[in-house]
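Work through the exercises below with the model open. Each task is followed by a solution in steps.

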Amino acid sequence: MEVLGIPDPWVWGAYILCILAVIICVIYGIINWNKGGEDEEEQIKEELEWEKKEREMEEDELGF
Amino acid sequence: MNVMLLTIITLIYLILVAYTGYVAWKRTKSAEDYMVAGRTTHPYIMAMSYGATFISTAAIVGFGGVAGIYGMGLLWLTVLNILVGIFIAFVLFGKRTRKMGHNLSALTFPEFLSRRYNSKFIQYFSGLVIFLGMPLYASVVLIGMARFVETTLNIDYTIALLVMALIVAIYVIFGGIKGVMYTDALQGTIMFFGMIFLLFGIYYLLGGVTEAHQALTNMAPLMPAEAVQTGATGWTSMPSLGSPFWWTLVSTLILGVGIGVLSQPQLAVRFMTVKSNRELNRAVLVGGLFIFLMTGTSFIVGALSNVYFLQNAGQIAIQAAGGNADKIIPLFITKAMPLWFAYIFMVTLLSAAMSTLSSQFHVQGTAIGRDVYETIFRVKGGSTVLIARGAIALAVIIAVILGFILPGNIIAVGTALWFSLTAAAFLSMYVVALFWKRSTRWGAIAGMITGTLISSFWLFFVFKKSAEALGISQLLFGTPTLITSAPWPAVDPIVIGLPVAAILTIVVSLMTQPPSEEHLEKCFEGT
């Protein structure tokens, strides 16, 4: 069977699969657009704390 | 060459880059900033920057060029790029890497692995592997860019290579990764629209999607005799299963790059700069679309350029490019597309090269500064910045020298080999670091060392493409490759190195003392 002018199913299969893969990514992105950010505030705080500690350590050890 | 047009396009672009670079430079305050640039990055910037780092001039020029030889079967690489390089990388690897990286306060990929396994050795060994292996990758990116400038502007290859290396070096040394990321996002955006234009352009030029593919299918009898002898069957059908042509396409080009992307040190670090899982979820959308447009377009254009060159020059693409696949894409764009587009595309490609190169040099600098120097000499900060910047300068010089001495047709293979090497060395230990609590330090070390040694041995002594070019097997044993019977000389190092490394990582882990509960809790907290 020829699809889009390509005879080998292993090749047109890849062509179609590329497009499906993009669609999966887009759908996943849309569905989860607002998910995973529930504890964001806490995470950012955690990060700031971490960076502060790192800086303090550098100041203590290196004097700058 | 239209100097006026070129000048205007280049100037606008340079102003934009200079501005982002300046903003980044102003924000770079300490060694800490220089290493990972804070930890809060917008998802658009993250995805674009990841994409622009991952898909470079190497992908567009090099892999687009090999698609001109191997045909549309290369689209399997696009499938892997999207499903593995974006979806699995962001959703499975990204989220854990980010959280674990934060838990362990890891700033580089080697440091991440080292702290996860509590082993300084892992840090400086992987730092060294990165520093020694990466110049090959950096040089093929430089080559891709120089080939484009050479073809589009009729400028000497040598001059193009030197000027670009200098610009990137100055930029990276003064900017650090923050600048690299913002500039990447700018470049990613330009690339995005450039590729859309190119994709529509080629189908329009060849009379439609099915028509273009059909014309390419009809060209199968024109496949070069040499390719047919090694298994090629046409540009719209896969090569004969198990033939050398098939092995190169499937093991080196598709698997090597498609899977190797997961353990790319410069990409893993990107995850740690994202502020939450939500940003990664959003980045999947942007990233998937972006990678599809970049790789899908360049492979389709590379393959279909055969039809264009046949209709307009009576030759297949590789003949029109004088036998050098690296020149197929630049030549097609220069000949088939309007001049203004060729110039914008060139600027796009230069920007792609810039982003990949700057992040490659950055990784090499931190590999030596933080991972090797600081770890071995037990110092922290201060002089490290100097050492890291010195290492970057050295890395640039090595890449430029390689740019001069490497042969034609090298971009895709050079990229693939670097991806294979990192996959064999790091992938198994990285996967178990994220997902298997029973994995141990000794398992990781065993896998890393075997993966590195086996893939290096394979590269130097068995894999025909690299062994012949390097000539070490010829010098030591008087034969270009140690194993001559098919299919081995065409089988990519990743096919041998990665499974052996994976098995050893697991077996040695099971045989050795598991890590302490306390350490595991610290690593996996919140993942």
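**Exercise 1.** Determine whether Cys18(A) is buried or exposed, then look for a disulfide partner.

Step 1. Cys18(A) has a relative accessible area of 1%, so Cys18(A) is buried (buried is under 20%, exposed over 50%, partly exposed in between, with a 1.4 Å probe and protein chains only).
Step 2. The closest cysteine sulfur to that of Cys18(A) belongs to Cys25(A), 11 Å away, which is too far for a bond; a disulfide needs a pair of cysteine sulfur atoms within 2.5 Å.
Step 3. Over all chains, the structure holds zero disulfides.
Step 4. Cys523(B) is also buried, with a relative accessible area of 0%.

The model is predicted: local features need pLDDT of at least 70, side-chain atom pairs count only at pLDDT 80 or more, and totals for chains, interfaces and linings use all residues. Residues are numbered from 1 along each chain as its sequence is written, chains are lettered from A and ligands numbered from 1 in the order in which they are written, and side-chain values use heavy atoms, without hydrogens and water.

**Exercise 2.** Describe the lining of the largest pocket by class.

Step 1. Of the lining residues, 21 are nonpolar, seven polar and four charged (Ala, Val, Leu, Ile, Met, Phe, Trp, Tyr, Cys and Pro count as nonpolar, Asp, Glu, Lys and Arg as charged, and the others, Gly among them, as polar).

**Exercise 3.** Give the class make-up of the lining of the second largest pocket.

Step 1. This lining has 19 nonpolar, five polar and one charged residues.
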